[in-house]
Amino acid sequence: MTNFPKNRLRRLRQIHELNIINTETILSIEDLIAPIFVRPGKNTSTPIKSMPGIYQFSIDILCEEIENLKTLGIKAILLFGTLTEKDSTGSNASNHNGLIQTAIRAIKQNVSDIAIITDVCLCSYTTSGHCGVLDAKNFINNDDTIKILGEIALSHAEAGAHVVAPSAMMDGQVGAIRSQLDDNNFHQTCIMSYSAKYASSFYGPFREASSSTPQFGNRESYQLNIANKREAFREIDADIKEGADIVMVKPALAFLDIINKSHDLFNTPLAAFNVSGEYSMVHAAAQQGWIDKNKIILEILTSIKRSGANLIITWHAKEIAEFIQTNK
Ligand code: PBG
Ligand code: ZN
């Protein structure tokens, strides 16, 4: 004779139906951060071929788009610049009248109550397409790069960004940015660091959209080896010690184990980036009629939250917020 209670699952289902205990993980629109591409020009939106439904917006349209996102309940955006004028040091990235700096000021003037987060990196601004400046042998010069990243972050903070998000994976980037901000009295500007960013193939569509594909070599000298786990925790630990306010794991889906353990190991707020390749795969299959797009997106985002992410940066933000709002 076994003591195992019979019909346990049936009673559990009954409890759920009576709403006595809730679902463990509830995805909310407020968990989502919407990434957006900004482009020069006026009254223009350029569709990204490899990311159906995603556009590069000129600043005027960007402000309208952010209003739409706000109406849907989205509280934060992450801005990426897409420029065609590049040089060896990516000097446009820290230009006080540059694209992102101008966009931040326009958002501050035209839209209220939206958290402005900005990507801080060089790859969309350098002719090499690398995330840092190079030395004579075409190796990344880490120390010169983190100084430049500090200047970019400061220019964003001066324009009014609430959070700066360094994505270059240079050693010491968080500390360098924190001291630049503090030296200039931007004590309240937060840092969300792309701490555990893997050298992933899931960034392909993004690189097309921001023309930031490395012109030679790859990013394996500064991004993490996809086979490694403990190394990710060392990176996160270092970033927290340097002053990161939010740490991030990226990509999300193929790295749920990293998200999960980071949530257990650290008590700093944790973000996960559901990246371009993850987005495009869902859309490609949905276009073929092979999957139920919205249900798949909800399952993906719920799994990222269940694994331990407090914030989810996702290209699906707008479409899934629309779906949630219309199916309440
Ligand atoms: C560049 C950067 C990348 C992404 C965000 N910032 C690409 C890369 O490192 O090559 C990827 C975002 C995405 O794919 O959605 N520093
Ligand atoms: Zn980069």
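Ala34 stands opposite Ile77 of strand S4 in this predicted model. The pairing belongs to a parallel arrangement in which six bridges join S1 to S4. Strand S4 also pairs in the parallel sense with strand S5, over four bridges. The points below treat this strand, then two pockets, and finally one residue of helix H2.

**Strand S4 and its partners**

- Strand S4 covers residues 76–81, and six of its six residues are buried, so the strand is largely enclosed by the rest of the structure.
- In a regular strand, side chains alternate between the two faces of the sheet.
- On one side of S4 lie Ala76, Leu78 and Phe80, and on the other Ile77, Leu79 and Gly81; all are buried, and both faces are thus covered.
- Strand S5 comprises residues 115–120, and within S5 the bridge partner of Ala76 is Ala115.
- Between S4 and S5 the chain passes through helix H3 (residues 99–110), forming a β-α-β crossover that is right-handed.

**The largest pocket**

- The largest pocket holds about 330 Å³ of space.
- Its lining consists of 18 residues, and those closest to the centre are Ile140, Glu220, Ser221, Tyr222 and Gln223.
- Classified by type, the lining of the largest pocket contains eight nonpolar, six polar and four charged residues.

**The second largest pocket**

- About 250 Å³ of space is found in the second largest pocket.
- A set of 15 residues lines the second largest pocket, with Gly53, Ile54, Glu65, Trp315 and Lys318 nearest its centre.
- Four elements each contribute at least two residues to the lining of the second largest pocket: strand S1 (32–38), strand S3 (55–57), helix H2 (59–71) and helix H11 (317–326).
- Strand S1 therefore appears in two settings, since S1 is joined to S4 by bridges and S1 supplies residues to the lining of the second largest pocket.- The lining of the second largest pocket divides into 10 nonpolar, two polar and three charged residues.

**Glu64 in helix H2**

- Glu64 is part of helix H2, an element that contributes to the lining of the second largest pocket.
- The relative accessibility of Glu64 is 51%, so this residue counts as exposed, the cut-off being over 50%.
- Glu64 and Asn110 are separated by 46 residues in sequence, while their C-alpha atoms are 8.9 Å apart in space.
- Asn110 falls within the residue range of helix H3 (residues 99–110), the helix of the crossover from S4 to S5.

Notes:
Residues numbered from 1 in each chain as written. Chains lettered and ligands numbered in written order. Predicted model: local features only at pLDDT ≥ 70, side-chain atom pairs only at ≥ 80, totals over all residues. Heavy atoms only, no water. 1 Å grid on protein atoms, 1.4 Å probe; cavity = no way out; pocket = protein on both sides within 12 Å on 5 of 7 lines; lining within 4 Å. Points joined across faces, edges and corners; volume = space filled by probe spheres on them. Nonpolar A, V, L, I, M, F, W, Y, C, P; charged D, E, K, R; others polar. Buried < 20%, exposed > 50% of the residue type's maximum accessible area, 1.4 Å probe, protein only. Pairing = 2+ DSSP bridges. Right-handed = clockwise from strand over helix to strand, strands pointing away.
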